[in-house]
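Work through the exercises below with the sequence and the model in view. Each task is followed by a solution in steps.

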Amino acid sequence: MEQRHIGDASVGAIGLGGMPMSIEGRPDEQRSIRTIHAALDAGVTLIDTADAYHLYADDVGHNESLIARALATYGGDTSGVIVATKGGHLRPGDGSWTLNGSPEYIKTACEASLKRLGVEAIGLYQFHRPDPTVPYEESVGAIRDLLDAGKIRMAGISNASPERIELSQEILGGRLVSVQNEFSPRFRSSEPELELCDRLGIAFLPWSPLGGIGSAGGLGDRFPAFGEVAEAHGVSPQQVCLAWHLAKSPVVIPIPGASRPSSITDSAGAVDLSLSADDLALLP
Ligand SMILES: NC(=O)c1ccc[n+]([C@@H]2O[C@H](COP(=O)([O-])OP(=O)(O)OC[C@H]3O[C@@H](n4cnc5c(N)ncnc54)[C@H](OP(=O)(O)O)[C@@H]3O)[C@@H](O)[C@H]2O)c1
């Protein structure tokens with residue numbers, strides 16, 4: 001698969017988002033393991049997760065543990081796989097999402113993620129979402145401390161404004177390697193962050209790149225231009241959407257979620273779909 005860069009690491013240009021395998025509507029473990037193995041078979045080497053991808057109060061880190069088991073049971077070489085996890089979001093088990101950006105919490109959360117992933121250092125650790133009750137500098141300062149302590153190999157942030165990207169770069173001493181923000185045909189307001197990442201050479205990981213778990217299937221109906229270009233190429237509208245993401249900038253690495261092998265196999269095919277200037281002009 002075409003390679004792109006996160007810091008000094010190379011990863012397949014299409015990643016896998018783990019969230020649909022661990023939150024509401026999640027499949028049984030066997031289907032999830034087959035989905036992760038299908039991603040690896042297709043050349044995916046970036047798997048995005050978070051400690052908060054779970055359902056009940058007593059299964060925190062469900063997705064991280066699942067990914068660790070899938071990697072351990074894969075027949076092939078997984079040494080080049082980067083598992084990108086996050087801390088700072090919580091799910092108390094009642095369906096809600098809460099925040100804790102305090103440095104103490106982030107450091108404790110990182111230790112728990114290290115154990116679940118069974119590694120000595122996390123490949124990419126991302127501050128999940130700003131906590132309005134904690135100064136942003138303090139939260140990102142905890143990520144810097146984890147980097148300095150060797151607990152994490154690379155540092156990223158998520159749900160960040162351009163100002164916070166610049167601030168994080170300063171706090172991390174130039175070691176910010178990725179920004180993960182929502183971006184898709186239906187959610188365009190992260191364009192300034194994408195442009196800034198392009199300028200700074202920081203990887204931009206669009207989350208919910210197909211419009212999110214409940215909407216991804218209807219992408220071609222909701223955005224007919226994607227459906228039309230897909231028909232002309234004989235591929236799925238989702239594949240066209242991911243190729244459109246890839247065409248925006250070499251720093252873009254989409255992380256489409258999947259809970260079925262066929263979804264990620266199809267998504268990974270986007271790297272081989274080349275959209276012409278005429279195709280791109282049709283896509284809003
Ligand atoms: N940083 C954050 O705050 C944040 C927030 C949300 C998500 N994320 C990350 O971003 C990842 C992606 O976002 P997302 O999962 O919310 O939404 P998404 O990637 O836009 O959509 C996921 C859904 O798309 C379907 N799908 C994937 N590829 C497909 C294809 N080729 N054809 C048809 N359907 C396809 C999957 O269906 P099946 O389930 O049937 O396979 C899946 O349920 C998450 O998994 C998570 O890792 C981060």
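**Exercise 1.** Which residue is the bridge partner of Leu46 in strand 5?

Solution. This is a predicted model, in which local features need pLDDT of at least 70 and side-chain atom pairs count only at pLDDT 80 or more, while totals for chains, interfaces and linings use all residues. Residues are numbered from 1 along each chain as its sequence is written, and side-chain values use heavy atoms, with hydrogens and water left out.

Step 1. Find the strands: helices (H or I, at least four residues) and strands (E, at least two) are DSSP runs, numbered from the N terminus. Strand 4 covers residues 46–48, and strand 5 covers 82–87.

Step 2. Leu46 has Ile82 as its bridge partner in strand 5. Ile47 stands opposite Val83.

Step 3. Strands 4 and 5 run parallel and are joined by 3 bridges; two strands pair if DSSP finds at least two bridges between them.

**Exercise 2.** Give the strand order of the open sheet of 7 strands, and state which strands stand at the edges.

Solution. Step 1. The order is 3-4-5-8-9-10-11, with parallel pairing.

Step 2. Strand 3 (16–17) and strand 11 (203–207) are at the edges; each has a single partner strand, so one side of each lacks a neighbour in the sheet.

**Exercise 3.** How many residues of strand 5 are buried, and which way do they point?

Solution. Step 1. Apply the cut-offs: buried means under 20% relative accessible area, exposed over 50%, and partly exposed in between (1.4 Å probe, protein chains only).

Step 2. In strand 5, 6 of 6 residues are buried.

Step 3. Ile82, Ala84 and Lys86 point one way, and Val83, Thr85 and Gly87 point the other way.

**Exercise 4.** Describe how helix 2 is covered, and by what.

Solution. Step 1. Of the 11 residues of helix 2 (62–72), 9 are buried, including His62, Glu64, Leu66 and Leu71.

Step 2. The buried residues pack against helix 1 (29–41), strand 4, strand 5 and helix 3 (103–117), where contact means heavy atoms within 4.5 Å.

**Exercise 5.** Is Ser190 buried or exposed?

Solution. Step 1. Ser190 lies in the loop between strand 10 and helix 6 (191–200).

Step 2. Its relative accessibility is 6%, so Ser190 counts as buried.

Step 3. Leaving aside neighbours within four places in sequence, Ser190 is in contact with Asn181, Glu182, Phe183 and Phe204.

**Exercise 6.** What lines the largest pocket and the second largest pocket?

Solution. Step 1. On a 1 Å grid over the protein atoms alone, a pocket is an open set of points where a 1.4 Å probe fits, with protein on both sides within 12 Å along at least five of seven lines; lining residues have an atom within 4 Å of a point.

Step 2. The largest pocket is lined by 38 residues, and Pro20, Gly212, Ile213, Gly257 and Ala258 lie nearest its centre. Helix 10 (261–268) gives the largest share of this lining, 4 residues.

Step 3. The second largest pocket is lined by 14 residues, with Leu71, Val81, Ile82, Val83 and Val119 nearest its centre. Helix 2 and strand 5 each give two or more residues to this lining.
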